[in-house]
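Hi there,

I am passing a structure over to you, with some notes on what turned up in it. Please have a look at it first, and then read on.

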Amino acid sequence: MSEPRRQAELEEARGLLQSVSCRDGLTVAAFAWGSVALPEELEHHLSSMVGLEIAILRLDGRYHVRAV
């Protein structure tokens, strides 16, 4: 698996959330198309969404997570 990337401002990561893990103080959310690195504090919330179709939008430096 490739290294997780950070989302740019106004970028949305969307798809079936396959897994969530912590690595080097970051939360890594894995999708079929790749993975994104997110703030560590999102790990608990995202862990409850594994197996769901989700969207993570970065807006004004904050991450907005929702099921779609």
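One term before we start: two residues are in contact, or touch, when they have heavy atoms within 4.5 Å. Please also keep in mind that this is a predicted model.

Let me begin with the overall picture. The protein chain has one helix and seven strands, and along the sequence they follow the pattern β-β-β-β-β-α-β-β. With a radius of gyration of 11 Å, close to the 11 Å that the globule rule gives for 68 residues, the chain is as compact as a globular protein of that length. Its C-alpha atoms fill a box of roughly 30 × 25 × 20 Å along the principal axes. Buried residues account for 34% of the 68 residues. Of the contacts between residues at least 6 apart in sequence, 45% join residues at least 24 apart.

Next, the sheet. Three strands form an open sheet in the order S2-S6-S7, with antiparallel pairing. S2 and S7 are the edge strands, each pairing on one side only. On average, neighbouring strands of this sheet are turned by 15° against each other, direction ignored. Five bridges join S2 (residues 12–16) to S6, and Ala13 stands opposite Ile56 in S6. Six bridges join S6 to S7 (residues 62–67); here Arg58 has Tyr63 in S7 as its bridge partner. S6 and S7 also form a hairpin with two residues between them, and Asp60 in the turn has a positive phi of about 55°.

Then there is the core. In soluble globular proteins, nonpolar side chains tend to be buried together. The largest nonpolar core here has 13 residues, and the members that touch the most others are Leu17, Ala29, Phe31, Leu38, Leu46, Ile54 and Ile56. Strands S4 (26–31), S5 (34–39) and S6 (53–59) each supply at least two residues of this core. Leu17 is a good place to start looking: leaving aside residues up to four places away in sequence, Leu17 touches Ala29, Ala30, Phe31, Leu46, Met49, Val50, Gly51, Leu52 and Ile54.

Two loop residues are worth setting side by side. Which of them is buried, and which is exposed?

Gln7 lies in the loop between S1 (5–6) and S2. Its relative accessible area is 2%, and buried means under 20%, so Gln7 counts as buried. Around Gln7, leaving out residues up to four places away in sequence, the residues touched are Glu12, Ala13, Val36, Leu38, Ile56, Leu57, Arg58 and Tyr63. The side chain of Gln7 also reaches the backbone oxygen of Ile56 at 2.9 Å. You will recognise Ile56 as the residue opposite Ala13, and Arg58 and Tyr63 as bridge partners.

Glu41 sits in the loop between S5 and helix H1 (43–47). Its relative accessibility is 66%, and exposed means over 50%, so Glu41 counts as exposed. The C-alpha atom of Glu41 is separated by 8.3 Å from that of Leu26, 15 residues apart along the chain.

If you would like a starting view, centre on Gln7 and find the backbone oxygen of Ile56; from Ile56 you can step across to Ala13 in the sheet.

Best wishes

How values were computed: Residues are numbered from 1 along each chain as its sequence is written. This is a predicted model: local features need pLDDT of at least 70, side-chain atom pairs count only at pLDDT 80 or more; totals for chains, interfaces and linings use all residues. Side-chain values use heavy atoms; hydrogens and water are left out. A nonpolar core is a set of buried Ala, Val, Leu, Ile, Met, Phe, Trp, Tyr and Cys residues joined through side-chain atoms within 4.5 Å. Buried means under 20% relative accessible area, exposed over 50%, partly exposed in between (1.4 Å probe, protein chains only). Helices (H or I, at least four residues) and strands (E, at least two) are DSSP runs, numbered from the N terminus. Two strands pair if DSSP finds at least two bridges between them. Axes are lines fitted to C-alpha atoms, for helices over the stretch in contact, and angles run from 0 to 180 degrees between N-to-C directions. A polar contact is a pair of N or O atoms within 3.5 Å; within protein, one must be able to donate a hydrogen and the other to accept it, and residues adjacent in sequence count only if both atoms are side-chain atoms. The radius of gyration is taken over C-alpha atoms; the globule rule is 2.2 Å times the number of residues to the power 0.38.
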